[in-house]
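Please open the structure in your viewer and keep the selection tool at hand. This tour moves from the whole chain to single residues, saying at each stop what to select and what is there.

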Amino acid sequence: MNAVVDPSRRQFLKSSATLAAGLTIALALPIAVRRALAQEGAPAKPPAVDPNAFVHIGSDDSVTVLLKHSEMGQGVWTTLPLVLAEELDCDWSHVRVEHAPAAPAYAHTAFGLQMTGGSTSTWESYAQMRRAGAMARAMLVAAAAQRWQVAPSECRVDKGVISHGEKRLRFGEVAEAAARLPAPSEVTLKDAKAFGLIGKGARRLDTPAKISGRAEFGLDVKRPNQFIATVARAPVFGAKLKSFDAAKAKAVPGVVEVVQVPSGVAVIARHTWAAIQGREALVTDWDLGPGAGLSSAQLLQDYRKLAATPGAVAKSAGDAASKLKGGAVVSAEYHVPFLAHAPMEPLNCTVEIGKDGCDIWTGTQFQGVDQMAAAQILGLKPEQVRLHTTFLGGGFGRRANPASDFVAEAVHVAKAAGKTVKVVWTREDDVHGGYYRPMWLSSLRATLGKDGLPTAWHHTLVGQSIIAGTPFAAAMIKDGIDATSVEGAANSPYLDAIADHRVELHSPTSPVTVLWWRSVGHSHTAFVVESFIDELARAAKQDPLAYRRALLAKHPAHLAVLNLAAEKFGWGKPLPKGHAAGLAVHESFGSIVAEVAEVSVKDGRPRVHRVVCAVDCGSVVNPDGVVAQMESGIVYGLSAALHGAITLKDGRVEQSNFHDYPALRLADMPRVEVHLAPSGRAMGGAGEPGTPPIAPAVGNALAALTGQRLRSLPFRLA
């Protein structure tokens with residue numbers, strides 16, 4: 001490992017919370033090869049950049065891990081400290097966690113900025129946390145050995161106690177002495193066979209605080225002399241404010257000020273209800289612009305016309321066009337709607353501007369971007385913006401916005417008002433607020449050989465790019481292809497078995513703001529590809545499982561996961577009358593997930609009874625955490641497959657709250673079984689890969705049950 005460097009330790013200690021006397025170390029580590037949104041999973045070699053990770057050993061034996069990634073329910077508050085504690089050999093009951101401050105020291109090793117997303121947190125920090133723990137352990141042992149005048153190699157460590165013969169010292173007793181020692185340039189990591197925590201797991205560290213209400217989310221933040229603000233934003237995407245009349249808003253008891261900001265008009269009040277009532281009383285006049293003519297129906301027609309024309313080539317082999325001119329062609333059109341992220345905690349951000357800088361409290365996935373955006377608005381240096389990450393009540397990508405919309409807006413409001421302000425979004429604001437998963441249309445054609453397997457394949461995708469116009473565009477859009485638009489389609493393993501194939505892309509623009517959504521491009525490509533594969537299997541009159549096995553013959557990892565899910569489900573065994581099963585397998589974020597869904601139809605509505613999931617995400621740190629993320633991804637995907645749709649009419653979003661943009665209810669929750677298939681593959685992600693296969697698994701089951709092939713989401717039976 002590289003020599004330890006500490007370029008920002010002094011600044012960190014100045015800007016972060018005061019820590020008890022003890023040991024704090026910073027380390028520079030190699031990083032992974034930079035990859036587009038980390039779609040290929042963990043690299044084989046450790047990274048080569050120097051993000052710093054910190055661990056503090058207190059004189060009271062406490063082990064405080066400063067977590068650079070945001071905890072939004074995915075479990076990194078526990079998983080990453082587990083990795084560090086494994087090498088540290090501390091007492092797990094003494095481990096504490098804090099969100100790290102926003103600083104270059106905590107930059108993501110693949111992206112170069114502090115952020116959480118792409119199902120990368122565990123594999124990205126795995127080497128760092130192991131080495132941080134091993135380094136701290138070595139320094140503590142060295143301090144004890146010096147006190148005893150013995151060789152460090154003669155000392156032993158067990159659960160936070162260093163021993164040499166009959167002598168014993170707790171970590172806390174030597175922490176200060178260890179802090180004065182140079183950090184080792186080389187450390188020996190444990191053999192995996194000796195792991196006591198990694199692979200075994202532990203109960204979540206954030207659960208007690210969340211159960212008791214002690215956990216601080218963004219909505220919980222209270223600052224001295226804090227005001228609440230709501231913002232009247234454009235009713236149509238791309239609209240511009242012409243004028244406003246604040247007289248009625250100011251007459252609402254509790255309203256103290258009304259100010260214009262780039263995103264609209266902010267009503268500032270002493271409490272939330274007054275801010276909401278004041279906004280309702282506000283009179284605004286907007287130039288609606290061309291966005292007023294937008295409708296989902298018209299967009300679909302436009303997309304359909306584009307799909308009939310040549311697009312930018314994302315993947316091509318052989319001569320698919322010629323092969324598709326002869327023989328019987330199986331064709332299909334699929335489309336999916338815009339989707340809101342709908343995290344349980346609506347967006348919010350508290351901003352306090354002082355003489356020496358600015359403090360921001362929010363649940364964000366994009367600390368590095370948000371900090372820079374705030375600094376630019378205020379004319380400050382980034383280090384003068386102290387961003388305090390709270391717990392996130394869900395993110396799903398919405399709180400990782402290259403535009404920093406909700407953070408930048410709050411900074412503008414606080415600046416204009418000259419007050420400490422918490423900007424609060426209502427659920428309606430959230431549903432209407434844009435930055436949706438894009439609407440997509442896919443047109444597919446294929447021909448089948450004598451064995452029933454596809455001999456030619458042509459796939460055209462139409463949808464907005466989520467990368468265009470962002471700082472990532474230069475690196476991620478090549479030859480007109482946004483990699484996130486075609487992931488899961490252009491790199492589908494099925495194409496390896498089809499000599500003649502072609503994948504094309506159209507990326508139309510629209511005033512509707514779009515963003516990554518849980519599982520990004522895989523959220524639509526898995527539905528399309530796995531559904532069409534099922535269509536081909538049925539056209540060939542073959543079992544869908546056997547058909548996939550034939551196409552994936554050269555992909556043993558996919559086959560292993562697919563077979564495990566089918567075996568655990570009992571594929572081919574009789575089901576209750578009126579029930580049917582469907583399956584899907586898909587790779588995303590370096591992990592392979594197969595899901596089998598058992599469905600029925602009641603009163604014309606699909607009902608999912610059981611889902612069996614198998615996942616290979618490489619080595620596993622916390623098995624319970626992976627299981628929980630698969631369950632979460634399935635629920636999130638089912639919400640979209642059965643209910644989710646953001647639609648536009650006359651430029652306005654037709655949905656507003658959970659009554660017309662519903663999430664899956666407890667009464668509709670299927671029984672979910674998750675089976676881990678750890679392998680020798682590089683560690684992949686777990687937060688998102690559970691979502692893509694569920695929609696096609698359910699759709700394939702419904703086709704088997706009803707004979708209807710549903711090619712649009714959410715599922716609606718005729």
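The stops below begin with the overall fold and then turn to individual residues.

**The whole protein**

Begin with everything shown as a cartoon, and bear in mind throughout that this is a predicted model. The cartoon should show 19 helices and 29 strands. The radius of gyration is 27 Å, close to the 27 Å that the globule rule gives for 718 residues, so the protein is as compact as a globular protein of that length. If you turn the C-alpha trace along its principal axes, the spans are about 85 × 70 × 50 Å.

Next, switch on a surface, which exposes about 28300 Å², with carbon and sulfur atoms supplying 53% of that area. Of the 718 residues, 60% are buried. Among the contacts between residues at least 6 apart in sequence, 76% join residues at least 24 apart. If you colour by charge, you will find 74 positive and 66 negative charges, whose mean positions are 1 Å apart.

**The cysteines**

Now select the cysteines, and ask how many disulfides the structure holds. The count is zero. A disulfide is a covalent bond between the sulfur atoms of two cysteines. Centre on Cys 155, whose sulfur has its closest cysteine sulfur in Cys 90, 18 Å away and therefore too far for a bond. Cys 155 is buried, with a relative accessible area of 7%. Moving on to Cys 617, you will find that the nearest cysteine sulfur is that of Cys 613, at 9.9 Å, and that Cys 617 is in no disulfide. Cys 617 also counts as buried, at 4% relative accessibility.

**Two helices**

Select residues 623–642, which form helix α18, and pick out Val 627 within that helix. Is Val 627 buried, exposed or partly exposed? With a relative accessible area of 23%, Val 627 is partly exposed, given that buried means under 20%. Leaving aside neighbours within four places in sequence, Val 627 is in contact with Val 674 and Leu 676. Although Leu 676 is 49 residues away along the chain, its C-alpha atom is separated from that of Val 627 by 7.9 Å.

For the other helix, select residues 483–486, which make up α14 and include Thr 484. Thr 484 is buried, with a relative accessible area of 3%. Draw a distance from its C-alpha atom to that of Arg 137, which lies 347 residues away along the chain, and the separation is 41 Å.

**Backbone details**

The last stops concern the backbone, where most residues other than glycine have a negative phi, and most peptide bonds are trans. Select Asn 225, in the loop between α5 (207–212) and β8 (226–233). Its phi is near 55°, a positive value in a residue other than glycine, and at 68% relative accessibility Asn 225 counts as exposed.

Then go to Ser 519, in the loop between β23 (500–506) and α15 (522–539). Ser 519 has a positive phi too, near 85°, but this residue is buried, with a relative accessible area of 0%.

Finish at Pro 714, in the segment after α19 (694–706). What is the peptide bond from Leu 713 to Pro 714, cis or trans? The bond is cis, with omega near -5°.

Conventions:
Residues numbered from 1 in each chain as written. Predicted model: local features only at pLDDT ≥ 70, side-chain atom pairs only at ≥ 80, totals over all residues. Heavy atoms only, no water. Helix = DSSP H or I, 4+ residues; strand = E, 2+ residues; numbered from the N terminus. Rg over C-alpha atoms; globule rule 2.2 N^0.38 Å. Buried < 20%, exposed > 50% of the residue type's maximum accessible area, 1.4 Å probe, protein only. Contact = heavy atoms within 4.5 Å. Areas by Shrake-Rupley, 256 points an atom, 1.4 Å probe, with all protein chains shown as cover. Lys, Arg positive; Asp, Glu negative; His and termini not counted. Charge placed at Lys NZ, Arg CZ, Asp CG, Glu CD. Disulfide = S-S within 2.5 Å.
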